[in-house]
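Me: Please take a close look at a single part of this structure, one charged residue and its surroundings, and then follow the connections outward from there. I would like one connected account rather than a list.

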Amino acid sequence: EGKYVLLDFWASWCSPCRKENPNVVAVYQDYKDKGFDVFGISLDKDREKWIEAIHADHLTWTHVSDLAGWSNTVAEKYGVKSIPHSVLVNPEGIIIDKNLRGEDLRNKVAELLD
């Protein structure tokens, strides 16, 4: 069964990213059993700080990083020029929205899954 997945580009050193994390966590908690998932892609270079931020912000979804900072392979493929940056992908793998934050993220996920 396919899911709607939020590709979340962030980094431990990015304060706007860290400020948005509680919102993403709340939406994830409310919709993870209804067909929503988050995939974190970090632009960190420091593995320790990256791991610490995941735990501190209670980010319980899958995380990846090549620890290459702005040269992150996935970020380059998606044309990420600033973070936080997110891409919402439907179960067929098609991008259906970008950079949803705060209530906009919750409203879009609710529209799709409620």
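Reply: What follows starts from one residue, moves to the strands around it, and ends with the salt bridges.

The model is a predicted one, and the residue to begin with is Asp-8, which lies in strand E1, residues 4-10. Asp-8 is buried yet has no salt bridge, and the nearest side chain of opposite charge, that of Arg-101, is 7.3 Å away, whereas a salt bridge would need a side-chain nitrogen of Lys or Arg within 4 Å of a carboxyl oxygen. Leaving aside neighbours within four places in sequence, the contacts of Asp-8 are with Asn-21, Val-38, Phe-39, Gly-40, Ile-41, His-85 and Ser-86.

Gly-40, one of these contacts, stands opposite Asp-8 in strand E2. E1 and E2 pair in the parallel sense over 7 bridges, and the chain passes from E1 to E2 through helix H1, residues 15-31, in a right-handed β-α-β crossover. Strand E2, residues 36-42, is largely enclosed by the rest of the structure, because 5 of its 7 residues are buried. E2 also pairs with strand E3, residues 62-64, in the parallel sense over 3 bridges, and here Ile-41, another contact of Asp-8, stands opposite Val-64. Helix H2, residues 47-56, joins E2 and E3 in a β-α-β unit that is right-handed.

Although Asp-8 has no salt bridge, the count for the model comes to 4. One of them is formed by Asp-57 and Arg-18, whose closest N and O atoms are 2.5 Å apart; this pair links distant parts of the chain, with Asp-57 in the loop between H2 and E3 and Arg-18 in helix H1, 39 residues apart. Asp-57 is buried, with a relative accessible area of 16%, while Arg-18 counts as partly exposed at 26%.

Another salt bridge joins the side chains of Asp-30 and Arg-106, at 2.9 Å from N to O. Asp-30 lies in helix H1 and Arg-106 in helix H4, residues 102-113, so this pair ties together parts that are 76 residues apart in sequence. Both partners count as partly exposed, Asp-30 at 41% relative accessibility and Arg-106 at 21%.

A further salt bridge, between Lys-108 and Glu-111, has its closest N and O atoms 3.4 Å apart. Because Lys-108 and Glu-111 are 3 residues apart in helix H4, about one helical turn separates them. Lys-108 is buried, with a relative accessible area of 18%, but Glu-111 is exposed, with a relative accessible area of 57%.

Definitions and conventions. Residues are numbered from 1 along each chain as its sequence is written. This is a predicted model: local features need pLDDT of at least 70, side-chain atom pairs count only at pLDDT 80 or more; totals for chains, interfaces and linings use all residues. Side-chain values use heavy atoms; hydrogens and water are left out. Helices (H or I, at least four residues) and strands (E, at least two) are DSSP runs, numbered from the N terminus. Buried means under 20% relative accessible area, exposed over 50%, partly exposed in between (1.4 Å probe, protein chains only). Lys and Arg count as positive and Asp and Glu as negative; His and the chain ends are not counted. Contact means heavy atoms within 4.5 Å. Two strands pair if DSSP finds at least two bridges between them. A crossover is right-handed if, with the strands pointing away from the viewer, the path from the first strand over the helix to the second runs clockwise.
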